[in-house]
Each structure stands twice: as C-alpha cells, then as structure tokens.
Amino acid sequence: MIACCIFDLDGVIVDTAKYHYLAWAELARALGFEFTPEQGEATKGVSRMASLDIVLRAGGMENRFSAEEKERLAAEKNARYLEYITRMTADEVLPGVLEFLLGLKAAGIQVVLGSASKNAGVILDRCGLRQLFDHVVDGTLVSKAKPDPEVFAKGAELAGQAPAACASSRTPPPARGRRARRHAFGGRRRKSAAGQGYHAAAHVRGLHF
C-alpha cells in the first residue's frame with residue numbers, strides 16, 4: 001500500500017529550466033558571446049559547475065578562467081537565476097499538479113518533495129505550494145544529484161516510511177510537456193527511482209485524472 005509520494009521539482013511540479021537558460025545566456029552575453037537555446041539543452045540535469053563548463057566551451061573560453069574565477073561566474077549565474085525564481089507565481093505550477101496533490105492529501109497520503117536544488121523551498125513558497133508538502137528534501141539535506149536515489153531515501157526517512165511504501169515521480173526523459181506530466185500525474189507508464197524499490201507515483205490507484 002502506498003503511504004507516501006515523493007516528487008521531483010523541475011519538470012514535474014514547475015518548469016524552471018527556462019530560467020536556468022536565461023541566466024546562463026545573460027552570463028554569456030556579459031562575457032561577449034551568445035549562448036543559444038539549442039546549446040542550453042546540454043545544461044539540463046547537469047550540475048552548476050558542469051553547466052558553466054558547457055557555456056564557456058560554447059564561447060571558446062573553457063581554458064580562460066581559474067577555478068576561483070569559475071566559482072565567481074557560477075555565483076553570478078545563480079544570482080541571476082534567483083532573480084527570476086523569486087518572481088515566480090502560482091500560475092507557473094504545471095497543469096494537473098495542484099489537483100493531484102490535493103487528491104493525495106485528501107486520501108491521507110504523505111507528500112514529499114525530493115529535489116537536489118537548494119532553491120526548492122523558495123520556489124514552493126513563491127508558487128504557494130509549501131503547505132501541501134509534509135516534508136521538503138532539498139540540496140541543503142543531500143549531496144548527490146539524481147539519478148542517485150539519495151533524495152528519495154531521505155524523503156522516505158523523513159516520512160517514516162520504507163521504500164516499498166513510497167511512490168516517486170521524476171521527469172521521464174525524453175518525454176516533454178503535457179505527455180511528460182501525464183506520465184508523472186496519472187499516466188500508466190511505470191518507472192522507479194533508480195531501481196531502489198520505489199513505485200511510480202502514477203500507480204497510486206483512484207487518483208488518475
């Protein structure tokens with residue numbers, strides 16, 4: 001029996017990839033070159049420093065900066081990104097998400113956020129979703145990015161549940177947009193959290209829509 005659902009944030013609850021791209025593109029322009037949306041695709045799901053390397057490589061600057069200077073550039077990008085997400089509103093919650101979360105709460109199922117982002121709490125607050133989550137696991141609590149199951153393990157721990165009693169939902173590549181959200185919120189495609197015994201959130205019976 002499912003007692004807890006653990007959700008990823010980006011691409012499942014909201015879409016912040018566009019803001020990451022805009023922040024990287026602004027940094028690139030400040031360095032004197034353009035960083036295109038096509039090039040930005042390579043930064044999705046990649047750490048901040050690895051993304052910086054991708055951006056610098058696109059501008060032919062991969063060997064121009066010291067480690068300390070790269071840290072400064074990454075901090076500049078994050079400051080730009082924070083400016084965007086602090087202006088987010090409830091309108092940016094992806095379709096179907098609010099109804100699904102409310103359905104889980106009504107069914108007495110614990111709702112947990114599992115994100116490696118240190119900005120996850122800010123985004124939940126800005127979008128008015130914080131009260132719907134029993135626990136929030138973010139980058140301040142974990143050190144390993146997905147597909148490592150650390151965020152899911154920590155979420156289950158906070159909820160006081162065994163992995164077998166938890167369902168997880170992550171953005172299912174390569175699906176995008178509405179189709180991806182259908183898989184995450186009520187579709188029938190099974191997927192697990194890195195094969196660690198977590199069920200797919202889409203298989204919580206009675207809450208399909």
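Modeller: Let's start with a rule: a salt bridge here is a side-chain nitrogen of Lys or Arg within 4 Å of a carboxyl oxygen of Asp or Glu. Keep in mind that this is a predicted model.

Colleague: Fine. By this rule, how many salt bridges does the count come to?

Modeller: Nine salt bridges. One of them pairs Glu41 with Lys44, with 3.0 Å between the closest N and O atoms.

Colleague: How do I read the surroundings of that pair? Are Glu41 and Lys44 buried, partly exposed or exposed?

Modeller: You go by relative accessible area: under 20% is buried, over 50% is exposed, and partly exposed lies in between. Glu41 has 44%, so it is partly exposed. Lys44 also counts as partly exposed, because its relative accessibility is 39%.

Colleague: Which salt bridge links distant parts of the chain?

Modeller: Look at Glu92 and Lys18, whose closest N and O atoms are 3.7 Å apart. This pair links distant parts of the chain: Glu92 is in the loop between α4 and α5 (97-106), Lys18 is in helix α1, and 74 residues separate them. As for cover, Lys18 is at 42% relative accessibility and therefore counts as partly exposed.

Colleague: And what about a pair within one helix? Where do Glu157 and Lys154 lie?

Modeller: Both are in helix α7 (residues 150-159), three residues apart, which is about one turn of the helix. They form a salt bridge with the closest N and O atoms 3.7 Å apart. Glu157 has a relative accessible area of 54%, so it is exposed, while Lys154, with 24%, is partly exposed.

Colleague: Which residues of α7 are buried, then?

Modeller: Val151, Phe152, Gly155, Ala156 and Ala159. The trick is to look down the axis: they cover an arc of only 135° around it, so they sit on the same side of α7. The cover over the buried residues of α7 includes four strands: β1 (4-7), β2 (110-114), β3 (135-137) and β4 (166-169).

Colleague: What happens just after α7?

Modeller: There you find Gly160, which takes a positive phi of about 70°.

Colleague: Let's move to α4. How do I check a helix for its span, and why does α4 agree?

Modeller: Compare an expected span with the distance between the end C-alpha atoms. Helix α4 (residues 67-85) has 19 residues, so at 1.5 Å a residue it should span 27 Å; its end C-alpha atoms are 27 Å apart, which agrees.

Colleague: Which residues of α4 are buried?

Modeller: Lys70, Leu73, Ala74, Lys77, Asn78, Tyr81, Tyr84 and Ile85. Their arc around the axis is only 140°, so they are on the same side of α4. The packing partners of these buried residues are α1 (17-31), α3 (48-58) and α6 (120-126).

Colleague: Now for a loop residue. Where is Thr43, and is it buried or exposed?

Modeller: Thr43 is in the loop between α2 (37-40) and α3. Its relative accessibility is 9%, so Thr43 counts as buried. To see what surrounds it, set aside the neighbours within four places in sequence: Thr43 is then in contact with Trp24, Phe35, Ser51 and Ile54. The Thr43 side chain also reaches the backbone oxygen of Gly40 at 2.7 Å. For a sense of distance, Thr43 and Asp53 are 10 residues apart in sequence, and their C-alpha atoms are 9.5 Å apart in space.

Colleague: Ser51 came up there. What does Ser51 touch, not counting residues up to four places away in sequence?

Modeller: Ser51 touches Trp24, Thr43 and Val46. Trp24 is therefore a contact of both Thr43 and Ser51. Ser51 is in helix α3 and counts as buried, because its relative accessibility is 2%.

Colleague: Can we zoom out? What does the secondary structure come to?

Modeller: Eight helices and five strands. Along the sequence the pattern is β-α-α-α-α-α-β-α-β-α-β-α-β.

Colleague: And how do I read burial and contacts for the whole protein?

Modeller: Of its 209 residues, 46% count as buried. For contacts, take those between residues at least 6 apart in sequence: 66% of them join residues at least 24 apart. The accessible surface comes to about 10,400 Å², with 51% belonging to carbon and sulfur atoms.

Note on methods: Residues numbered from 1 in each chain as written. Predicted model: local features only at pLDDT ≥ 70, side-chain atom pairs only at ≥ 80, totals over all residues. Heavy atoms only, no water. Helix = DSSP H or I, 4+ residues; strand = E, 2+ residues; numbered from the N terminus. Expected span 1.5 Å × (residues − 1). Buried < 20%, exposed > 50% of the residue type's maximum accessible area, 1.4 Å probe, protein only. Arc of directions from axis to C-beta. Contact = heavy atoms within 4.5 Å. Areas by Shrake-Rupley, 256 points an atom, 1.4 Å probe, with all protein chains shown as cover. Polar contact = N/O pair within 3.5 Å; in protein donor to acceptor, adjacent residues only side chain to side chain.
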